[in-house]
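Here is a short tour of one model. Keep the structure in view while reading.

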Amino acid sequence: MKKSRKMIAAAAAGALLLTGGVTAVANAVSPAAAPAAAQAAPVKVAAEVQPAPENVVAQNRISVGASSAAVNAALTKCQADKLPFVTVALVDRFGTVQALLRGDNAAEHTIEAAKQKAYTAAAFGAPTSELAKRINGNGPSIADLPGTLFLAGGVPLKVNGVSVAGIGVGGAPDGALDEACATAGAEALAAAAK
């Protein structure tokens with residue numbers, strides 16, 4: 001037993017020495033090699049893509065000013081309806097937040113609800129109140145998709161009939177109230193375009 005412990009200890013010490021030696025050799029750089037490495041040709045990081053229809057997809061987005069106006073109009077509607085505890089979110093069709101406004105006393109969960117309703121409306125191109133009617137409760141459905149919320153309160157924003165963004169409101173005691181505020185935000189955008 002003592003002999004096998006000594007052999008294990010000797011093997012471990014040898015492995016440590018071997019590992020240390022290999023590491024030292026791998027880390028050593030010859031001073032003569034350093035300038036040659038510095039003079040190596042630069043690495044090409046990106047390729048220039050030609051902006052042709054077959055290579056690049058053009059996207060419509062809601063501008064920062066229009067996004068801000070829409071969420072302000074939606075929150076103003078909610079405040080007029082005595083619903084100051086909601087959050088309004090405007091997201092692009094990929095779910096990236098472009099504008100978010102949290103009302104006075106809005107709870108934390110309203111932020112995520114507003115974002116998810118906005119994304120759901122943008123992704124499917126329909127109000128979330130309409131989408132909620134498609135959920136039947138029998139097994140897996142579109143309601144199981146990550147980041148979506150199939151409750152009333154999300155409205156799509158379209159350019160030339162194509163959904164490019166969504167506005168969502170979360171926090172009112174009824175989804176129809178959320179949707180009325182989101183619709184007010186969408187209508188503010190439509191009115192500004194005229």
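Start with helix 6, residues 175-192. At 1.5 Å a residue, its 18 residues should span 26 Å, and its end C-alpha atoms are 26 Å apart, so the two values agree. This is a predicted model.

The start of helix 6 has a polar contact. There, a side-chain oxygen of Asp174 comes to within 2.6 Å of the backbone nitrogen of Ala176.

Which residues of helix 6 are buried? They are Asp178, Glu179, Cys181, Ala182, Ala184, Gly185, Ala186 and Leu189. An α-helix has 3.6 residues a turn, so residues three or four places apart point the same way. The cover over the buried residues of helix 6 includes three helices: helix 3 (64-80), helix 4 (108-124) and helix 5 (128-132). It also includes strand 3 (154-159) and strand 4 (162-170).

Now turn to helix 4. Its 17 residues should span 24 Å at 1.5 Å a residue; the end C-alpha atoms lie 25 Å apart, which agrees. Its buried residues are Thr110, Ile111, Ala113, Ala114, Gln116, Lys117, Ala118, Thr120, Ala121 and Ala122. Lys117 and Gln116 are thus among the buried residues here. What do the buried residues of helix 4 pack against? The partners are strand 1 (87-92), strand 2, strand 3, strand 4, helix 5 and helix 6. Just after helix 4 comes Gly125, with a positive phi of about 70 degrees.

Strand 2 covers residues 97-102 and holds Gln98. Is Gln98 buried or exposed? Its relative accessibility is 17%, and buried means under 20%, so Gln98 counts as buried. The Gln98 side chain reaches the backbone oxygen of Ile62 at 2.6 Å. Leaving aside neighbours within four places in sequence, Gln98 is in contact with Arg61, Ile62, Ser67, Leu90, Val91 and Asp92. Ile62 therefore appears both as a contact of Gln98 and as the owner of that backbone oxygen.

Two asparagines in loops come next. Asn105 has a positive phi although it is not a glycine, and the same description holds for Asn160.

| Residue | Loop | Phi | Relative accessible area |
|---|---|---|---|
| Asn105 | between strand 2 and helix 4 | about 65 degrees | 73% |
| Asn160 | between strand 3 and strand 4 | about 55 degrees | 76% |

Exposed means over 50%. Asn105, at 73%, is therefore exposed. Asn160, at 76%, is exposed too.

Note on methods. Residues numbered from 1 in each chain as written. Predicted model: local features only at pLDDT ≥ 70, side-chain atom pairs only at ≥ 80, totals over all residues. Heavy atoms only, no water. Helix = DSSP H or I, 4+ residues; strand = E, 2+ residues; numbered from the N terminus. Expected span 1.5 Å × (residues − 1). Buried < 20%, exposed > 50% of the residue type's maximum accessible area, 1.4 Å probe, protein only. Contact = heavy atoms within 4.5 Å. Polar contact = N/O pair within 3.5 Å; in protein donor to acceptor, adjacent residues only side chain to side chain.
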